[in-house]
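Here are my notes for you, written as numbered points. Keep the viewer open and click along as you read.

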Amino acid sequence: MNHSKRHGEILRLLKEEGTVTIADLAERLGVSLETVRRDVKPLTDDGSVFKMHGAISLPGIVGEAPFERRMRENAEAKRAIARMVAATIRDGESIMLDCGTTTSFLARELAGHRRLTVVTNSSDIARTLATTNGNKVYMAGGELRPDSGAAFGVSAIDFVRRFGVDHAVISAGAVDATGGVMDHDLEEAEFAAMVLSRGQRSVVITDHTKFGRQGLVRVCGFSGFSELATNQAPPADIAAALEAAGTRLRVAANGGQNPA
């Protein structure tokens with residue numbers, strides 16, 4: 001791939017993912033870190049991209065709130081996963097959703113459903129699905145996080161514990177073959193674990209970039225949920241762990257990838 005083609009690929013990746021590290025760019029483009037830095041320099045000089053410590057992003061993204069920024073990262077992959085999962089949920093059913101960008105995409109895909117009963121700790125999901133199509137939305141209480149507008153803590157967990165739903169769906173911060181489903185925040189991990197325990201069907205939804213990552217806090221092992229929905233087949237060690245646990249793997253048809 002020559003210099004000008006790499007410029008186009010860098011901009012394409014930024015449009016899809018919002019922010020990309022220099023190290024990740026080097027690996028995905030198959031070039032050295034120094035080559036990537038040389039490629040990025042004219043793009044930063046002319047204002048096409050914004051450079052941060054060890055990463056680059058599109059200029060319009062820098063001023064966004066963290067949750068809005070995460071909504072732009074891997075958006076097509078998350079949308080493909082959400083569309084696949086939404087197709088398995090029927091009008092009139094009940095669903096519990098934790099706070100996450102992929103679950104927020106799922107809420108948007110469910111906007112055309114009718115008479116849903118929704119339990120969530122996410123103000124974004126509650127706003128998306130409340131007061132339309134005969135839906136009932138129950139919002140967990142507690143202090144709202146400034147970055148995501150979601151409620152966490154003992155009161156939120158106690159609230160959702162009262163419900164039993166058809167579908168319990170969480171998004172994952174990390175999926176590791178040894179650790180299972182993990183998160184980077186204790187309260188979020190505790191809430192996610194409670195959500196999974198409240199569904200007749202329990203689903204973890206995550207895009208492929210979370211595979212092989214290590215989180216700080218364990219949510220559950222692979223036997224702690226019934227399905228994993230993603231946009232690309234996981235690495236062999238994770239696929240083997242899912243199979244050993246008897247956990248179903250669902251992969252979105254086009255994986256949210258742009259055609260070549």
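1. Let's start with asparagine 133, which counts as partly exposed, at 26% relative accessibility. Where does asparagine 133 lie? Look in the loop between H7 and S6. One thing to check on your screen is its backbone: asparagine 133 is not a glycine, yet its phi is positive, about 55°. Bear in mind as you go that this is a predicted model.

2. Now click on threonine 131. Threonine 131 also sits in the loop between helix H7 (123-129) and S6. Is threonine 131 buried or exposed? Threonine 131 is exposed, because its relative accessible area is 78% and the cut-off for exposed is over 50%. Its phi is positive too, at about 65°, although threonine 131 is not a glycine.

3. Follow the chain from that loop into S6 and you reach a sheet. It is an open sheet of 7 strands with parallel pairing, and its order is S6-S5-S4-S7-S10-S12-S13. Which strands are at the edges? They are strand S6 (136-139) and strand S13 (248-251), each of which pairs on one side only. If you ignore direction, neighbouring strands in this sheet are turned by 20° against each other on average.

4. Zoom in on one pair in that sheet. Strand S4 (residues 94-97) and S5 are joined by 4 bridges and pair in the parallel sense. To find your way around, look for methionine 96, which stands opposite valine 119 in S5.

5. Next comes leucine 116, in the loop between helix H6 (101-109) and strand S5 (117-120). Buried or exposed, what would you say for leucine 116? Its relative accessible area is 0%, so leucine 116 is buried, given that buried means under 20%. Leaving out residues up to four places away in sequence, leucine 116 touches Ile89, Arg90, Gly92, Glu93, Leu110, Asn135 and Lys136. Serine 223, on the other hand, is 107 residues from leucine 116 in sequence, and their C-alpha atoms are 27 Å apart in space.

6. Another loop residue to look at is asparagine 74, between helix H4 (66-72) and helix H5 (75-86). Asparagine 74 is buried, with a relative accessible area of 10%. Which residues is asparagine 74 in contact with, leaving aside its neighbours within four places in sequence? The answer is Glu16, Glu17, Asp207 and Thr209. You can also draw a line from asparagine 74 to proline 234: they are 160 residues apart along the chain, and their C-alpha atoms are separated by 16 Å.

7. There is a second sheet to trace. This open sheet has 3 strands in the order S8-S9-S11, and the pairing is antiparallel. Its edge strands are strand S8 (174-176) and strand S11 (217-220), and each pairs on one side only. From one strand to the next, the twist averages 40°. Helix H9 (residues 186-197) packs on this sheet and touches S9 and S11; the direction of H9 makes about 5° with that of S11.

8. Within this second sheet, S8 and strand S9 (residues 180-183) run antiparallel and are joined by 3 bridges. Alanine 174 is a handy place to look, as alanine 174 stands opposite methionine 182 in S9.

9. Now move to the helices. Helix H3 (residues 33-45) has 13 residues and spans 18 Å from its first C-alpha to its last, close to the 18 Å expected at 1.5 Å a residue. Which residues of H3 are buried? They are Thr35, Val36, Asp39, Val40 and Leu43. After H3 comes glycine 47, which has a positive phi, near 85°.

10. Last, see how H3 meets its partner. The axes of helix H2 (residues 22-29) and H3 cross at roughly 105° and come within 9 Å. So H2 is roughly perpendicular to H3, a label that covers angles of 65 to 115 degrees. On the H2 side, Ile22, Ala23, Leu25 and Ala26 meet Leu33, Val36, Arg37 and Val40 in H3. What kinds of residue make up the contact of H2 with H3? There are 7 nonpolar, no polar and 1 charged. Val36 and Val40 are worth a second click: both are among the buried residues of H3, and both take part in the meeting with H2.

Methods:
Residues are numbered from 1 along each chain as its sequence is written. This is a predicted model: local features need pLDDT of at least 70, side-chain atom pairs count only at pLDDT 80 or more; totals for chains, interfaces and linings use all residues. Side-chain values use heavy atoms; hydrogens and water are left out. Helices (H or I, at least four residues) and strands (E, at least two) are DSSP runs, numbered from the N terminus. The expected span of a helix is 1.5 Å times one less than its number of residues. Buried means under 20% relative accessible area, exposed over 50%, partly exposed in between (1.4 Å probe, protein chains only). Two strands pair if DSSP finds at least two bridges between them. Axes are lines fitted to C-alpha atoms, for helices over the stretch in contact, and angles run from 0 to 180 degrees between N-to-C directions. Contact means heavy atoms within 4.5 Å. Angles under 35 degrees count as roughly parallel, over 145 as roughly antiparallel, 65 to 115 as roughly perpendicular and the rest as oblique. Ala, Val, Leu, Ile, Met, Phe, Trp, Tyr, Cys and Pro count as nonpolar, Asp, Glu, Lys and Arg as charged, and the others, Gly among them, as polar.
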